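Me: Please take a close look at one loop residue in this protein and at the part of the chain around it. I would like a plain account of how that part is put together, and then how it sits in the whole.

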Amino acid sequence: MEEKGNNTYTEILARRLTEARMSKGMSVEQLADTIGVQRQTLNYVESNKEGRSLTVANLIKVADILEVSLDYLLGRVEGKSDISNNYDIKEWDNNTLGSFDKFMDEIKSQNVSNDLNPYIFVTYVNNNILKEILDKISIKVKSKTALNKAEISKIKFLLEYVEYVCYYKGEYYKYLDFLVYQHWANRYDIIIKECENLVSYSNGKEVNIEFDNITRFQEMLKEFEEYLLHKIDRGLNNSIQDMMIKIVKDNRYFYNIQRYFNEVHDNR
């Protein structure tokens, strides 16, 4: 069967995957369940439709189940069990998908993703909500100027966030608890009260707001932000190191490395 010329690897994959699956007597639903993807995803791949695709990890599972090589499914070789040793330096440089999948697996194993959500929230609160309250809203409050809807929404969001970190006792907030203890003897009620006063002011009530307390809270959140960033940075470094160790020990990368070395050496 001639599959060279203008055929893309997705067209070849669609055709060869369908043929290999049918030769094994498997339905689309059976193969999808076995590799752990939705049946519609596999239908998209076999129909060469855009919108859904298989990860490298899933393609490897498919190749193992159908007892063909991944190189065969992608059109790199003609024999079902053959493996191509003819790697091109351009492909090695640009083939980031496999590396990205491996990297994401390592990130999950290091629980880095669990640190990202609290980091995103605290960074947003620090650099958006609190910054606006201290830079703009405080001026309006001191001059007894009415607040607009967007400003009121941010004040209410801050109150919800402070109440959340006060009552949520997950491991990622233990360090913030420590900081609050250091600054206010673990009295979250101080900053909660200031937020409630801001809400009362937005409702037209006469209240006294100590913006110095809000500034102190911002400083604590900044320390918490740096703590989470350090955890994420350490997790990413560990993920990269673990991924590279696995690649170095994996002989399937030998021809890629050999080709890359020869290209670099010849250009010296």
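Reply: Glu-67 has a relative accessible area of 59%, and because the cut-off for exposed is over 50%, Glu-67 counts as exposed. The model is a predicted one. Glu-67 lies in the loop that joins α4 to α5, and its position in the chain is just after α4. Its phi is positive, about 60°, although Glu-67 is not a glycine. Most residues other than glycine have a negative phi.

The helix before this loop is α4. Which residues of α4 are buried? They are Asn-58, Leu-59, Val-62, Ala-63 and Leu-66. Viewed along the axis of α4, these residues fall within an arc of 140°, so they line one face of the helix. That buried set packs against α1, α2 and α5, the last of which covers residues 70-73.

One of those partners, α2, runs over residues 28-35, and its buried residues are Val-28, Leu-31, Ala-32 and Ile-35. Seen down the axis of α2, they stay within an arc of 100°, so they too line one face of their helix. The cover over them includes α1 (9-23), α3 (39-46) and α4 (56-66). The buried residues of α2 are thus covered in part by α4, and those of α4 pack in part against α2. Another positive phi is found just after α2, where Gly-36 has a value of about 85°.

How do α2 and α4 meet? Two packed helices are described by the angle between their axes and the distance between the axes. For α2 and α4, the axes come within 10 Å and cross at roughly 120°. An angle of that size lies outside the other classes, so α2 and α4 are oblique to each other. Their crossing is right-handed. On the α2 side the contact is made by Leu-31, Thr-34 and Ile-35, and on the α4 side by Asn-58, Lys-61, Val-62, Ile-65 and Leu-66. Leu-31 and Ile-35 are also among the buried residues of α2, while Asn-58, Val-62 and Leu-66 are among those of α4.

Two further helices belong to this picture, since α1 and α3 both help to cover α2. They pack on each other at an angle of about 120°, with their axes 7 Å apart. By that angle, α1 and α3 are oblique to each other. Here Leu-13, Ala-14, Leu-17, Thr-18 and Arg-21 of α1 meet Leu-42, Val-45 and Glu-46 of α3.

Further along the chain is another case to set beside Glu-67. Lys-144 has a positive phi near 60° and is a residue other than glycine. Its place is the loop between α8 (112-142) and α9. Lys-144 has a relative accessibility of 60%, so it counts as exposed.

The helix before that loop, α8, holds Leu-130. Is Leu-130 buried or exposed? Its relative accessible area is 0%, so it is buried. Outside its neighbours within four places in sequence, Leu-130 touches Val-125, Leu-158, Ile-214, Phe-217, Gln-218 and Leu-221. Leu-130 and Ile-155 are 25 residues apart in sequence, and their C-alpha atoms are 8.8 Å apart.

The helix after the loop is α9. The axes of α9 (149-167) and α11 (189-202) come within 9 Å and cross at roughly 155°. That angle makes the two roughly antiparallel. Their crossing is left-handed. Residues that make the contact include Ile-152, Ile-155 and Leu-158 of α9, and Ile-191, Cys-195 and Leu-198 of α11.

Last, the whole protein. It has 13 helices and zero strands. Of its 268 residues, 39% are buried. Among contacts with a separation of 6 or more, 62% join residues 24 or more positions apart. The protein exposes about 16500 Å², and carbon and sulfur atoms supply 50% of that area.

Methods: Residues numbered from 1 in each chain as written. Predicted model: local features only at pLDDT ≥ 70, side-chain atom pairs only at ≥ 80, totals over all residues. Heavy atoms only, no water. Helix = DSSP H or I, 4+ residues; strand = E, 2+ residues; numbered from the N terminus. Buried < 20%, exposed > 50% of the residue type's maximum accessible area, 1.4 Å probe, protein only. Contact = heavy atoms within 4.5 Å. Areas by Shrake-Rupley, 256 points an atom, 1.4 Å probe, with all protein chains shown as cover. Arc of directions from axis to C-beta. Axes fitted to C-alpha atoms, helices over the stretch in contact; angles between N-to-C directions. Parallel < 35°, antiparallel > 145°, perpendicular 65-115°, else oblique. Left-handed = near helix turned anticlockwise from the far one by under 90°.
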